Amino acid sequence: GLQRFVASTLHPAKWPQVVVFMDELPKGQANKVQRIRLSNRLDMKPIDDRTSQNFRMFEAACPPRGSGLDIKIPMRQIDIDLQQIMNVVQRVRGEMKIEHSLIMSIPKPDGSDPVVLYVTPENVDVHKLMKGLQKHLHDYLLPKQIIALDKIPEDYNQLKKPDLLDGGDDYSPPSNDTEREIQSIWEKLLGKKCSINADFFESGGSSLLAGRMVAQIRRVMDVPLTAASIFSNRTISSLSSSVNSLRTQLGKGEFQASCVDEATSGENASGENSSNMLNSNKQWGEGEEQERLRAFSQTSFFALTVQALPLSLIYPLRRVSTWILFVALWVSLQQAGINRLAGLILALAIGRVVSGVFFPLFAVICKWIIIGRYKPGRYPLWGQYYLRWWLVDQIHLLCGRGVFRYNSATLCFYYRMLGAKIGRKVAIDHRAKLAEFDLIEIGSNSCIDNISVRSFCLDKGCMVLAPVHIGEEVCIASKVAVVPGIAIPSKTCLGPNSSSYDITPASIGSVQDKICCRVTFAKPNFLWRVYGRLILWMVWIFEQLPVLLVLRLMVLYSWYVAELDTYCDVLLWFLTPERIGYYLAIRVVRTTVLPFFRLFAVILVKKAVIGKFTPGKRNATQFETFRHWLMGELFPGERLQEIGHLIGVHYGGISRILRVLGAKVGDRIYWPGSLFEGLVEYDLLEVGDDVVFGSRSIIMTADAEDCAPIRIEAGANVGDRCVLLPGCVIGRNVVFGSGGLAMKNTEYEAGSKWVGCRFGKPMLLEAGGEAAATASTLRPFGNAFHLKNASYVVYPGWVHALNGCFWRCFAAMYRSLPIIAGFELTAEFLGRSTLVVVDYSLWDIGLRMVPTFIVMQNLSTVLSLSLATLMKWFYIGRRRVGVYNWDTSSYCQRWQLYLSATVIIRQAYFGNGILEYLHGTAFLVWFFRAHGSHIGRNVCLYPTGADPMMTEPELVAIGDGASVDSASLIAHINSR
């Protein structure tokens, strides 16, 4: 009853799950409520969605004021006092003309024991009687059902059996096709008969069942119903009204039973793939077909062999082939008369271009050979089709898009080669991820921001491939979830942090959503772009000066005086001990010095050319457009990560850099690990004291039309994956939860709490107030790190910077060891003495170099994963459930030190990290088990990835046969 009462005003995350009745709340000496460790003091046991209402209600005796936090509070389960109920029945007996009454509790398997009231005579008005009882009894004491009889039999076994329907003591049948279809779905999921006035959650429904139920309604009724709908429409009757309203808005009319056949046909009237294709029983083989589509074993020899190929063979082959190409080019250029240093630089440049063309084309060829054309359907996990799909996906990850990612035209050409159907003048952000290409269709003049468009998902031990159709002139902004099997109508605009389920008539031609899509941002004309490219080249050359200096020293110092006319000469030249030291120095300089050189150059260009950004129209003049474009090319906010990983992301160094770039930044700010994607106009960002940020958020101080400042006031908390639009104001002590969208030119009241995004607006969890506007903003992080008020030794910023630099230098040199060891072993196999007199061909050297490098690279991979696991147990140990604030526990500090150490597996392998090549494999399961996670058999983890995957593995338990994809398993809350 309490949940039903607050459902219209509170987000489901805020609904009370347990009720404890007390005569007073526990308070300290200062008369403040003691919330800390309250569940421990009450000795409260865990509950889940299946826990019945009887086991969620308790009563407890409040301890004396000022009692310590270690004092236990006795608590017991609420008793259902049948005599108390009968006393109230007797009180209204005369008014209701009751002759006899009997009250009984009916045992049920879930332990709920609902109460049933029997009364005579048969003409007693049970509705009126229930209302009378409600005036005198708590909701939990009310009879679940009242049954009026002509006579109560002596043998109670002959009593009429109650229906125990939820939503009333009588059955209300459906009155239209929508209600009948929803009722059918409910009854199959809940396994019981349901009245149209039944409350889904009080009928035994759970959040998991709610997700399944909403998915079935979407499929059968072809309507973009959101998962949150069930929380505000908890009965069949109200949910039916919501469905019919959506269908009317979409121009589909009220649902008719005949629509079920149409909804599962796979095509809509226009011939496009309909949004229900993913779950169509007919097409994707549920029911009887599902029984034979069970997952294969992920630890079978064949599966393990295939899924070891990317890391054990393909990656080493790509890396060693790049080196062999470089050596061949360098020797050829020197034989052509080009000096050693110039030839080396030219060979590096040519090698990069050749690799950027060859490897993407190699991936295209592999796709057509290994899997051919992707076909929609259901395929068992770790079966031959899944493994072919997985291998192709990994090859594309390893080979990258090379030169084809240069602009939208080359990207579209690349995707067309892979089988995607892409119309004319389509703009795709180079960070967008497309896959299952034959099943992707994008209409002309569409714009795709940094999102994932895939036809892949997991379902019941199977991978499902379902076509995605994006109509013409569609505009999709960043962080939009496009689900497999969807058909997005032409001219639809989806704003940031939304999904393809959010499509409504208002989405068609929505200007406010379109201007948030960054690929629609105007670019300067040709001459301004030429000028900008010259500046970009100058910045790049300045950035590379330290590397060029070390290269010059490496090449010109005369430890090896012979001419490098043969491949053997190059091999011996490179293996000179001093030369190896310079090679390692280059790797270290690239990692630790280049980011600061680039930052210095960017600051100079911003001061001298770009100038200060001010509010106004983004494209008022060509110069204004040029300034925004150039700054976006030079130094978008995410590039701060390169420096943040060296000096410590969360500490004062980042604040100082942002101030130099023009931002107004306060003190004691906890910056996000990923910093800010999309931030370009630094002058328009203002952040107050004690602000706490989550990761992977986007801050847009400009859209396609306007520039406006973003102000985040003191004490605010901006969670993970939020999007802040131009002109928004996040008030003092505001909490913006994960996935939140701060709307353009909107101010959010101090102390208010928001989460997520629904139809272009964040959802309000809790209103703010005057008290929040004056409350302290000091957070545990600021108290510990900046004010040094902590119960442990807090390391200063320079220690974190030293730790970050050490691990990045170590990782840079460590990644170089396989190629050095490969050269050394090749020289030993050929014989160092014979290298001077025998002119071995590149083929001879390559035949020995390739297998030795493959062995050394595999050894390096295993050691990297082992070292990362060892560092976890060294820095963190075994995590325990609890509260670990920065100022009361060293846990957060140790976590940051550990994260710096994980660079050895996060930044390797062409910047993707090792774990990216273990997605959807038994190897990934073993890795997380080694970190303490409890994972069952045949669990498919992240076949298409997630960022992050698991942050606290030992607090995660996953049962047999479960599948997790594109979902972060987070066992912590960044409480302010």
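**Buried residues, a helix pair and unusual bonds**

Q: Which residues of helix H24 (residues 652–660) are called buried, and what does that word require?
A: In helix H24, Gly652, Gly653, Ile654, Ser655, Ile657 and Leu658 are buried, a word that stands for under 20% relative accessible area, while exposed means over 50% and partly exposed lies in between (1.4 Å probe, protein chains only). Helices (H or I, at least four residues) and strands (E, at least two) are DSSP runs, numbered from the N terminus. The model is predicted, and local features need pLDDT of at least 70, side-chain atom pairs count only at pLDDT 80 or more, and totals for chains, interfaces and linings use all residues. Residues are numbered from 1 along each chain as its sequence is written, and side-chain values use heavy atoms, with hydrogens and water left out.

Q: What covers the buried residues of H24?
A: The cover includes helix H21 (594–610), helix H23 (640–647) and strand E21 (664–665), where contact means heavy atoms within 4.5 Å.

Q: Why is H13 called roughly parallel to H15?
A: The axes of helix H13 (residues 301–335) and helix H15 (residues 384–399) come within 10 Å and cross at roughly 15°. Because angles under 35 degrees count as roughly parallel (over 145 as roughly antiparallel, 65 to 115 as roughly perpendicular and the rest as oblique), H13 is roughly parallel to H15. The axes are lines fitted to C-alpha atoms, for helices over the stretch in contact, and angles run from 0 to 180 degrees between N-to-C directions.

Q: How do you know that glutamine 307 is buried or exposed?
A: Glutamine 307, which is found in helix H13, has a relative accessible area of 2%, and therefore it counts as buried. Among the residues that glutamine 307 touches, not counting residues up to four places away in sequence, are Trp382, Trp390 and Gly920.

Q: Why does lysine 460 count as buried or exposed?
A: Lysine 460 lies in the loop between strand E14 (456–459) and strand E15 (462–465), and because its relative accessibility is 54%, it counts as exposed.

Q: What makes the phi of lysine 460 worth noting?
A: Lysine 460 has a positive phi of about 50° although it is not a glycine. Most residues other than glycine have a negative phi, and most peptide bonds are trans.

Q: Which peptide bond, from aspartate 947 to proline 948, is it: cis or trans?
A: The bond from aspartate 947 to proline 948 is cis, with omega near -5°, and proline 948 lies in the loop between strand E37 (940–941) and strand E38 (957–958).
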